[in-house]
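These notebook entries record what I looked up in one structure. I began with a single residue and worked outward from there.

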Amino acid sequence: MKALVVADTLEPGATVNAVADRYGVQPNQLSAWRRLAKQGKLVLPSVATDEPIFAPLVVCDPAPGPSSCERLSIGAQY
């Protein structure tokens with residue numbers, strides 16, 4: 001039940017106070033459950049949906065390394 005209540009707070013427009021009131025729990029208790037979820041100590045239920053779900057894509061510069069010319073010449077015997 002805890003995870004379900006916490007999941008409801010993650011819905012767009014939801015507030016901790018409103019969700020706590022709906023389920024009859026104290027807002028500070030619900031906030032504690034949210035902290036546990038953020039720490040990975042409370043597993044949230046997966047969201048069942050027929051719609052595609054998008055995840056953010058983070059693009060980073062690659063780590064500096066040898067140029068492509070240097071990579072081709074390594075170990076090459078001419």
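Entry 1. I looked up the contacts of Thr9, setting aside its neighbours within four places in sequence, and found Ala14, Val16, Val19, Leu30 and Arg34. The model I am reading is a predicted one. I placed Thr9 in helix H1. Is Thr9 buried or exposed? I noted a relative accessibility of 7% for Thr9, and because buried means under 20%, Thr9 counts as buried.

Entry 2. I turned to Asp8, which also belongs to helix H1. Its relative accessibility is 19%, so I entered Asp8 as buried; the cut-off for that class is under 20% relative accessible area. Which residues does Asp8 touch once its neighbours within four places in sequence are left aside? I listed Ala14, Val19, Arg22 and Tyr23. With one of these I found a polar contact: the side chains of Asp8 and Tyr23 come to 2.3 Å. I also checked Asp8 against Ala18, and their C-alpha atoms are 10.0 Å apart in space, with their positions 10 residues apart in sequence.

Entry 3. I then examined helix H1 as a whole. How many of the 8 residues of H1 are buried? I recorded 6, and H1 is thus mostly covered. The buried residues are Ala3, Val5, Val6, Ala7, Asp8 and Thr9. I looked for what they pack against and found H2 together with helix H3, which spans residues 27–38.

Entry 4. I next considered how H1 and H2 meet. Helix H1 covers residues 2–9 and helix H2 covers residues 16–23; their axes come within 9 Å and cross at roughly 145 degrees. I entered the crossing of H1 past H2 as right-handed. On the H1 side, the contact is made by Val5, Asp8 and Thr9. On the H2 side, I noted Val16, Val19, Arg22 and Tyr23. Sorting the residues of this contact by class, I obtained 4 nonpolar, 1 polar and 2 charged.

Entry 5. I followed the chain to Val43, which I located in the loop between H3 and helix H4, the latter spanning residues 68–73. Is Val43 buried or exposed? Its relative accessible area is 69%, and because exposed means over 50%, I entered Val43 as exposed. I then compared its position with that of Ala7 in space: the two C-alpha atoms are 9.8 Å apart, although 36 residues separate Val43 and Ala7 in sequence. Ala7 is among the buried residues of H1.

Entry 6. Finally I took the protein chain as a whole. What elements does the protein chain contain? I counted 4 helices and 0 strands, and from the N terminus the order reads α-α-α-α. Of the 78 residues in the protein chain, 17% are buried. The exposed surface of the protein chain is about 6,800 Å², and carbon and sulfur atoms supply 57% of that area. I also looked up how far apart in sequence the contacting residues lie: among contacts between residues at least 6 apart, 47% join residues at least 24 apart.

Notes
Residues numbered from 1 in each chain as written. Predicted model: local features only at pLDDT ≥ 70, side-chain atom pairs only at ≥ 80, totals over all residues. Heavy atoms only, no water. Axes fitted to C-alpha atoms, helices over the stretch in contact; angles between N-to-C directions. Helix = DSSP H or I, 4+ residues; strand = E, 2+ residues; numbered from the N terminus. Left-handed = near helix turned anticlockwise from the far one by under 90°. Contact = heavy atoms within 4.5 Å. Nonpolar A, V, L, I, M, F, W, Y, C, P; charged D, E, K, R; others polar. Buried < 20%, exposed > 50% of the residue type's maximum accessible area, 1.4 Å probe, protein only. Areas by Shrake-Rupley, 256 points an atom, 1.4 Å probe, with all protein chains shown as cover. Polar contact = N/O pair within 3.5 Å; in protein donor to acceptor, adjacent residues only side chain to side chain.
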